[in-house]
Amino acid sequence: MPTQSFRVDSLEVEIYNSEVEIAQNVAQVVQKYLQQTLMQKDSAAVLLATGNSQIKFLDALIAIGGVDWSRITLFHLDEYLGIPADHCASFRLYMHERVSRRVNPKKFHYIEGDAMQPLAECDRYTKLLQAQPIDLCCLGVGENGHLAFNDPAVADFHDQHIVKLVKLDTVNRQQQVKQGHFASLDTVPQYAFTVTIPMICSARKILCLAPEKRKAKTIQKMLQSSISTNCPASILRQQPQAKLFLDLDSASLLNTYSASSDF
């Protein structure tokens, strides 16, 4: 159970004691939601995120079982431009190792980061995403407030694209180094593919996991500043189907909060 729950605009927020508690609770939420979805129709489609915030959650979800993955089509939110699938920082490798090979989904559609024609790859992935509604999107929040690779400079709440190529900002690229994905800033690709914000917001259910002290300033800005592309994650405050999960560390800079109340 969360230690606190409240709503900021349309966004439901829950605070837990630790990242482990977040992972366990979100895993249970996803399990039940996917079970209910598959009772209502033959298949489901899910968008997944990479990053350290997702690791414990994905492990917990797979461990509890009870999901018929053979009826679920999976997608991921982003990938570096020019990165081969076997690169240690590739999001395709992350998803294959942490999800696909462990659950054998109906299909996992990967963004081909090293595609010879990147714009054609955007079109290909766009068509795959548009082929069915997205039932669930699980994601995190970047240190610059990004969702997927929609950094502040390139985020567009009314984007006409479904998938696009973007230049990554320095804060984002430095985060990849700090998390151990690359040896130095120079080795982090400058460009990446990303699913856009309107596509993320089209999901029928959105679960956003944002633990850790290093996210505290971002969460404060996300929830207590204006809704704008200066903090792209703030758009979730306009999504009644979304829920944000924090731990005590990431919520530590919030001014005041109380159960079932707005700021």
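Two strands count as paired if DSSP finds at least two bridges between them, and strands (E, at least two residues) and helices (H or I, at least four) are DSSP runs numbered from the N terminus. This is a predicted model, in which local features need pLDDT of at least 70, side-chain atom pairs count only at pLDDT 80 or more, and totals for chains, interfaces and linings use all residues. Residues are numbered from 1 along each chain as its sequence is written, and side-chain values use heavy atoms, leaving out hydrogens and water.

Let's start with the sheet. Its 8 strands run in the order S1-S2-S11-S10-S7-S3-S4-S6, forming an open sheet with mixed pairing. Strands S1 (4-8) and S6 (107-109) each have a single partner strand, so one side of each lacks a neighbour in the sheet.

Here are three of the pairings:

| Strands | Sense | Bridges | A bridge pair |
|---|---|---|---|
| S1 and S2 (residues 11-16) | antiparallel | 5 bridges | valine 8 and leucine 11 |
| S2 and S11 | parallel | 5 bridges | tyrosine 16 and aspartate 247 |
| S10 (residues 206-209) and S11 | parallel | 4 bridges | leucine 207 and lysine 243 |

Now for strand S11 (residues 242-247): 6 of its 6 residues are buried (under 20% relative accessible area, 1.4 Å probe, protein chains only), so the rest of the structure largely encloses this strand. Ala242, Leu244 and Leu246 point one way from S11, while Lys243, Phe245 and Asp247 point the other way.

S11 also joins S10 and helix H7 (residues 216-224) in a right-handed β-α-β unit: with the strands pointing away from the viewer, the path from the first strand over the helix to the second runs clockwise.

Notes. Buried < 20%, exposed > 50% of the residue type's maximum accessible area, 1.4 Å probe, protein only.
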